[in-house]
2 protein chains.
Amino acid sequence: MKKVVLNKKQQELIERIGIFFEHQGLPPAVARISGLLLISDRVELTFEEIYTTLNLSKSAASNAINILLKAHRLEYITKPGDRKRYFKLFIDHWETVFNDRLKFLPFMVSLLKEIHSVRSSKNKEFNANLKEIIGFMEYLNKEIPKLFIKWKEKKTK
Amino acid sequence: MKKVVLNKKQQELIERIGIFFEHQGLPPAVARISGLLLISDRVELTFEEIYTTLNLSKSAASNAINILLKAHRLEYITKPGDRKRYFKLFIDHWETVFNDRLKFLPFMVSLLKEIHSVRSSKNKEFNANLKEIIGFMEYLNKEIPKLFIKWKEKKTK
DNA sequence: TTTTTGGTTCTGAAAAAAAAGAACTAAAAG
DNA sequence: CTTTTAGTTCTTTTTTTTCAGAACCAAAAA
């Protein structure tokens, strides 16, 4: 039972982070593990520390961790002569994760275009609105990467 | 049984739209109703048309429609001397809906700031990354409305 | 007043998601 | 070899979500 020591405030924050991530569509265990790794002073935690601290079964923890690994929200490191994996948030590559989440935009654009192409020419207004949305999404898709670059420039100077 | 007439292609698209919205976190019935209203040539449909066309029970349709109304994805109009409500996508106000969806950003920023403030000063790198994310989100929150304005300007000229 | 219409609300069942527990496995340690 | 460790996988249980069916309700029509 190698629980991570957490004070009341930290525990409460983990729960709130958990709820926030649940609202973003993550399953409960996944959300809590994310919370724990955001709060823990030790940023690298072992499998055992994670499931004992959060009172999860090994199987629940294993599945949740693998979901997070596949989503590139987690990574793990190993230490020489130590069989354990040390899991940590993939926070140093958050830009990549952020970019991945934007990939839904082009997909949505193509779906909306297909919808638009299938619609009859009645309902001019509806079709015009649809076209506007498509236009704006394409604009966003082009401009957000630029925003990224501008932000980086601003930081350096 | 006042079903809306739909051809194969339209039906198939409604299903694909449904799946897309399910991936975005909407419940199945909610997702399909959204799809129907995106595809139907008549943009305003009655309660009966919706549930008969999609083979939903009245209760399922009622709940789903109310979820959509509360989320401001749907609105309804009425016609004089007609007790029915005619439901339609809130597409003419899509900018408002879009802006609403961005409201999670400031909330996330405040949560991340709280996390940052609670963390010990060990893990310099982790804390620095956290601060970067916060900074970028604040930047986004400031710049996206500007993007909106610039896009509108581009449209008019 | 009675009936019809256009929904809503309240069960309960079915299906899906989440988690627990235990059996299992591969690599390392003894 | 045998045992231990660090997880994984399989099965079962629990919980949650989603939906159907029927009863219900308020306003309008007859």
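**Exercise 1.** In this predicted model, find the distance between a sugar or linking oxygen of DNA strand D and an N or O atom in the side chain of A:Arg85.

*Solution.* The separation between the A:Arg85 side-chain N or O atom and that oxygen of DNA strand D is 3.2 Å. Turning to the phosphates, a polar side-chain atom of A:Ser62 is placed 2.6 Å from a phosphate oxygen of the strand, while in chain B the backbone takes part, with a polar atom of B:Asn55 at 3.5 Å from a phosphate oxygen.

**Exercise 2.** Determine which helix contributes the most residues to the surface near DNA strand D, and describe that surface by class.

*Solution.* Begin with the elements that each supply at least two residues: helix 4 (58–70) and strand 3 (82–89) from chain A, and helix 2 (28–39) and helix 4 (58–70) from chain B. Helix 4 of chain A contributes the most, with 4 residues. Sorted by class, the surface holds 6 nonpolar, 6 polar and 5 charged residues. On the DNA side, 55% of the strand D atoms within 4 Å of the protein belong to sugar or phosphate, and the rest to bases.

**Exercise 3.** Establish how chain B is related to chain A, and through which surface the copies meet.

*Solution.* Chain B is superposed on chain A, with an RMSD of 0.2 Å, by a rotation of 180° whose shift along the axis is 0.0 Å. That is the relation of a two-fold axis. The residue of chain B closest to this axis is B:Gly25, with its C-alpha at 3.2 Å. Finally, 100% of the interface residues of chain B are also interface residues in chain A, so the copies meet through the same surface.

Terms used: Residues numbered from 1 in each chain as written. Chains lettered and ligands numbered in written order. Predicted model: local features only at pLDDT ≥ 70, side-chain atom pairs only at ≥ 80, totals over all residues. Heavy atoms only, no water. Least-squares fit on C-alpha atoms with pLDDT ≥ 70 in both. Contact = heavy atoms within 4.5 Å. Near = heavy atom within 4 Å. Polar contact = N/O pair within 3.5 Å; in protein donor to acceptor, adjacent residues only side chain to side chain. Nonpolar A, V, L, I, M, F, W, Y, C, P; charged D, E, K, R; others polar.
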